[in-house]
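Work through the exercises below with the sequence and the model beside you. Try each task before you read its solution.

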Amino acid sequence: MIKIFRIISTLEAISFLVLLGIAMPLKYIWELPKMVEIVGMAHGVLFLLYIAGAVYVSQLLNWSTKTLAIVVLCSILPFGPFYAERKYLP
């Protein structure tokens, strides 16, 4: 399960970066909203999987509430999941 969480974490981080760095400028600068719809939906699903995975992995690894909170908060920072993956996963 930890390996699956690593994959979800990486995909969630990449989808967030694509959403912020490519899709949002396309929508607001060049008025092309279609990519936001596609990437936004994918990111939303990956975000929910990331949160559920973090809760599950926290039970497997006996994380404290503080560690779980940090990992969950990392999900709202653009490069946060990369940090959480390297710092808190074996």
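**Exercise 1: two helices in contact**

Tyr50, Ile51, Ala54, Val55 and Ser58 of helix 2 meet Leu68, Val71, Val72 and Cys74 of helix 3, where contact means heavy atoms within 4.5 Å. The model is a predicted one, in which local features need pLDDT of at least 70 and side-chain atom pairs count only at pLDDT 80 or more, while totals for chains, interfaces and linings use all residues. Residues are numbered from 1 along each chain as its sequence is written, and side-chain values use heavy atoms, with hydrogens and water left out.

Task: sort the residues in the contact of helix 2 with helix 3 by class, and then describe how the two helices cross.

Solution. Step one is the sorting: the contact has eight nonpolar residues, one polar residue and no charged residues. Here Ala, Val, Leu, Ile, Met, Phe, Trp, Tyr, Cys and Pro count as nonpolar, Asp, Glu, Lys and Arg as charged, and the others, Gly among them, as polar. Step two is the geometry, since two packed helices are described by the angle between their axes and the distance between the axes. For helix 2 and helix 3 the angle is about 160 degrees and the axes are 10 Å apart; axes are lines fitted to C-alpha atoms, for helices over the stretch in contact, and angles run from 0 to 180 degrees between N-to-C directions. Helix 2 and helix 3 are therefore roughly antiparallel to each other, given that angles under 35 degrees count as roughly parallel, over 145 as roughly antiparallel, 65 to 115 as roughly perpendicular and the rest as oblique. Step three is the hand, and the crossing of helix 2 and helix 3 is right-handed. A crossing is left-handed if the near helix is turned anticlockwise from the far one by less than a right angle, and right-handed if clockwise.

**Exercise 2: the whole chain**

Task: find how many helices and strands the chain has, and in what pattern they follow one another.

Solution. Begin with the count, which comes to four helices and zero strands; helices (H or I, at least four residues) and strands (E, at least two) are DSSP runs, numbered from the N terminus. Along the sequence the pattern is therefore written α-α-α-α, with the runs numbered from the N terminus. Next, look at the extent of the chain: its C-alpha atoms fill a box of roughly 45 × 20 × 15 Å, taken along the principal axes. Finally, of the 90 residues, 32% count as buried, and buried means under 20% relative accessible area, exposed over 50%, and partly exposed in between (1.4 Å probe, protein chains only).

**Exercise 3: a second pair of helices**

Task: describe the packing of helix 1 against helix 4.

Solution. The axes of helix 1 (residues 2–28) and helix 4 (residues 80–88) come within 8 Å and cross at roughly 160 degrees. That makes helix 1 roughly antiparallel to helix 4, and helix 1 passes helix 4 in a left-handed crossing. The residues that meet are Arg6, Ser9, Thr10, Glu12, Ala13, Ile14 and Leu17 from helix 1 and Pro81, Phe82 and Glu85 from helix 4. Sorted by class, this contact has five nonpolar, two polar and three charged residues.

**Exercise 4: the core**

Task: list the residues of the largest nonpolar core, and say which helix gives the most to it.

Solution. The largest nonpolar core (buried Ala, Val, Leu, Ile, Met, Phe, Trp, Tyr and Cys residues joined through side-chain atoms within 4.5 Å) has eleven residues: Phe5, Ile8, Tyr50, Ala54, Val57, Trp63, Val71, Cys74, Ala84, Tyr88 and Leu89. Two or more residues of this core come from each of helix 1, helix 2 (34–60), helix 3 (65–74) and helix 4, and helix 2 gives the most, with three residues. Not counting residues up to four places away in sequence, tyrosine 50 touches Phe5, Ile8, Ser9, Glu12, Val71, Cys74, Ser75, Pro81 and Ala84.

**Exercise 5: two loop residues**

Task: where do glutamate 31 and asparagine 62 lie, and what is the sign of phi at each?

Solution. Most residues other than glycine have a negative phi. Glutamate 31, in the loop between helix 1 and helix 2, has a positive phi of about 55 degrees although it is not a glycine, and it is exposed, with a relative accessible area of 66%. Asparagine 62, in the loop between helix 2 and helix 3, also has a positive phi of about 55 degrees without being a glycine, and at 66% relative accessibility asparagine 62 counts as exposed.
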